[in-house]
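Notebook open, structure loaded. I'm jotting down what I look up as I go.

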Amino acid sequence: MSSTTFGAHAHDDAHAHGHGHSAGFLRTYVFSLDHKVIGIQFLFSTLLWFVVGGLLALAVRWQLAWPWSNMPIVGARLFAGEGGQISPEFYTMLFTMHASIMIFFVIIPILAGAFGNFLIPLMIGADDMAFPTLNMLSYWFMWPAFICMIISFFVPGGAAAAGWTGYPPLSAVDSAAPASLNGQTYWLIGLIFVGISSMMGSVNYMTTIIQMRAPGMTMFRLPMTIWAMFITAVLQAFALPVLTAALFMQVLDRVLHTGFFVPEGLIVNNATAGPGGGQPLLWQHLFWFYSHPAVYIMILPAMGMVSDMISCFARKPLFGYKPMVYSIAGIAGLGFIVWGHHMFMSGMNPALGMTFMVSTMMIALPSAIKTFNWLGTIWGGKLQFTAPMLFALSFVSMFIIGGLSGIFMAATPVDVFIHDTYFIVAHIHYVLFGGTAFGVFGGIYFWFPKMFGRMMNEFWGKVHFFFSFIFFNGTFYLMHIIGAGGFPRRLADPYHYETFAHLQGVNQFISICAFGMGAAQIIFAANFIYSIFMGPKCGRNPWHANSLEWFAPSPPGHGNFDMQPIVYRGPYEYGSPEVQSDYYPQTQAPPEGYIAPKPAH
Amino acid sequence: MGKFWSILFLMVPVLGIALFFWAPSAGYWLPRDNSVHGYQIDHLFNFILVLTGVVFAATEGALFWFVWRYDAATNRDPIKFTHGSHNLEVIWTILPAATLLFIAIYQMNAWADVKMRVPKNLPPTVEVTARQFEWRLRYPGPDGKLGTMDDIHHVNDMHLPAGEEVLIELKSMDVLHDLFLPHLRVKQDAVPGMSIPVWFRAKDVGTFDLVCAELCGWGHYKMKGRATIQSRAEYDKWLEEMAVAQAATQEPEKEEE
């Protein structure tokens, strides 16, 4: 296999040189087949959606802190009809679209689409993806989804407002949700396109990682990022068809009144709704069969990236490489049999709930193993506190909180109380913001030099980290406390309940922190944009890292490598006694006459 | 700067744990438990809180210490060149696995009590039918049977007797709702097409919030009810008054549904 890769590469190199001059702007930057351009396209698109999703969240926070009060600046323009206030319909739309955008248009595509695309060929020593055209399509199939989402904001009734989980019958029966008419249909079609895009990416990533590795790059010499991307791709491939089927069924329910999810005898708004014959719980099973593995799709690649950053900036080999790989595989495997823990209170057979509880408890184990190994990696190293390292360390710190709080809701009796409260909101944000988003920020600071050939500003990177970290914890940590108070999710005004009236002060504090966290991202945006054009130019390997992408020029040209990389060892040989320098690139040949010691087993 | 960043990471466990000590005393905690089964849930919550608290302190503490101790700017020792430790991996696989398995088994009984052991031979106290955006209640009338002409209908104000096992038949007319009684440690989705039993025993008399905890549309936030827990005598009196009032206002007409 290695010889064919070599041959293909040599061929492509020649091809690339001939190609470089003739390619027009459209082929180079828009409909590009180059994995790096596609990755950066994904990165820009998802970062823009990140802004949209973030602003929606801030609007939610405004309402929760000062319900029914005029929203400053934008209120008068947006809600003229309500005298500048958020209406309850609009509020349900806000949190629905915040979650939908963040999950399906930011986190999943930024990890798999942006980092997966950019890093996989570079880190395995390939000149491009196995299927470049499919790769390009995987990006351009996001655009119908983008357009559906944008249109949905402007259709009568507004965008989807049935929660990001889209539970029927609320989502399936028009008259049930005056705030979500055709918006919900656009939402469903948008998600189908995201699914198609993900599936194209997934097939491509699996094939590329299996078939296109450079000579010497065995599976157990792959960086953790690639392992995580590989297992994520497998998860996508097996779980996505189920979601796609469910989405189509709900579209049919809405458009043709098929009644897959709508039971008989429904009386909505004093009118009967459709012929019935369906089951609302069916949707929940199908939806979570995908969307629980999707939680791992949203965290595993970040775990991989963080492992690479931590090892690099601890200047020390990753602790327990193989246990790390096996625990990712363990998470993926168990990930398929825990979806029912979203449904403990749903009316599902409680005995079934108990079996899901046991599997859910056990999935905490591989996460614990990973955490211990990250701690083992920084133990006894020489830590360099760069911006990516700070984000990577904070990933570990925040993931510990998100992981531990998961045990509360896995415990079914406790879930009776905290289900659908802010405890859950705290948990998911510790995992997906404190975890994934911090991992992504770290990843951007880390691989930015490879993407654009320039460095981001370290000082402002640290300032960005500091404020994000402080305000993130100010925002989400207290949600555990109000969640313990029973404070429910998705209520436009919870304070008219006596039980929750005293929590408004805490919510105002949370909202102020959330606005601070939003403002801190301006630092990042400025640093990012400025550095693309004006950042100091860097060499191939500014961080003195080992893995193959640093062997390529910054930024790599078409075809990636100017010399065929040959891999001699794993990517984590920092501080190896074999060499003088504190890093030992995968491509560096062993010293003359050096005989590798036999592994001690 | 290494010291600065390590202090920042140290703040996570220090403030994090301090907050959990402060919150209950400041009144931010689980609402008072007024149910007989609730102590099991609260106990389990506290048990997991202590357990995860210890793990939290240990792992975040280790993170702080390693960041403090192994700062490249101050650490003069060579790095510990190791690829891992088989023994450590075994230890930190088996210990958490055993702990998690213990928690899993430890809670099974409480779960069975609140969701699986449906009281036998107990007639439903009240049938609750959720709809956008109210709770419709139906009590058996003087004949003691649900689904007859003399059923007592009421909305949002759920009267229940204290100290006895009550059984609610939970239904929904339109979309998903969720019957959430924070003080009674009760939560159950109402699903159209299903009739789900919910049972509990309230301790003291009083009035408690009834919250809809499953998104049910734009008016979800205002789907507010209350549970009025009364002594048996007062409860019977209320039922009687309701029956009389209803009979007086109602012409004999076709039964609803």
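**Helices of chain A, then the sheet, then the contact**

I began with what sits over the buried residues of H6 in chain A: the cover includes helix H3 (35-65), helix H5 (88-124), helix H7 (142-152) and helix H8 (182-211), also of chain A. A reminder to myself that this is a predicted model.

Next I wanted to know which residues of helix H6 (residues 132-140) of chain A are buried. I got Asn135(A), Met136(A), Ser138(A) and Tyr139(A). Looking down the axis of H6(A), I find these buried residues within an arc of 155 degrees, so they line one face of the helix.

I moved on to helix H18 (residues 504-534) of chain A. It counts 31 residues and spans 45 Å from first C-alpha to last, close to the 45 Å expected at 1.5 Å a residue. I pulled its buried residues too: Val506(A), Asn507(A), Ile510(A), Cys513(A), Ala514(A), Met517(A), Gln521(A), Phe524(A), Asn527(A), Phe528(A) and Ser531(A). What do the buried residues of H18(A) pack against? I find H3, helix H16 (422-452) and helix H17 (458-484) of chain A there.

Over to chain B for the sheet. I read an open sheet of five strands in the order E3-E2-E1-E5-E8, and the pairing is mixed. Strand E3 (152-155) and strand E8 (196-201) of chain B are the edge strands, each pairing on one side only. From one strand to the next, the twist averages 25 degrees.

I zoomed in on one pair. Strand E2 (residues 134-139) of chain B runs antiparallel to E3(B), with four bridges between them. I checked Arg138(B) and found that its bridge partner in E3(B) is His153(B). Then I looked for a helix over this pair: helix H5 (residues 232-249) of chain B lies across E2 and E3 of chain B, at about 100 degrees to E3(B).

Last stop, the contact between the chains. How many residues does each chain put in? I get 91 from chain A and 81 from chain B. On the chain A side, the elements that each supply at least two residues are H5, strand E1 (267-268), helix H10 (280-297), helix H12 (321-335), helix H13 (350-378), helix H14 (387-410), helix H15 (412-418) and H17. H13(A) gives the most to that side, with 16 residues. I also split the chain A side by residue class: 61 nonpolar, 21 polar and nine charged.

Terms used
Residues are numbered from 1 along each chain as its sequence is written. Chains are lettered from A and ligands numbered from 1 in the order in which they are written. This is a predicted model: local features need pLDDT of at least 70, side-chain atom pairs count only at pLDDT 80 or more; totals for chains, interfaces and linings use all residues. Two strands pair if DSSP finds at least two bridges between them. Axes are lines fitted to C-alpha atoms, for helices over the stretch in contact, and angles run from 0 to 180 degrees between N-to-C directions. Two residues are in contact if their C-beta atoms, placed from the backbone, lie within 7 Å. A residue is buried if 20 or more other C-beta atoms lie within 10 Å of its own, exposed if 12 or fewer, and partly exposed in between; C-beta atoms are placed from the backbone. The arc is that of the directions from the helix axis to the C-beta atoms. The expected span of a helix is 1.5 Å times one less than its number of residues. Ala, Val, Leu, Ile, Met, Phe, Trp, Tyr, Cys and Pro count as nonpolar, Asp, Glu, Lys and Arg as charged, and the others, Gly among them, as polar.
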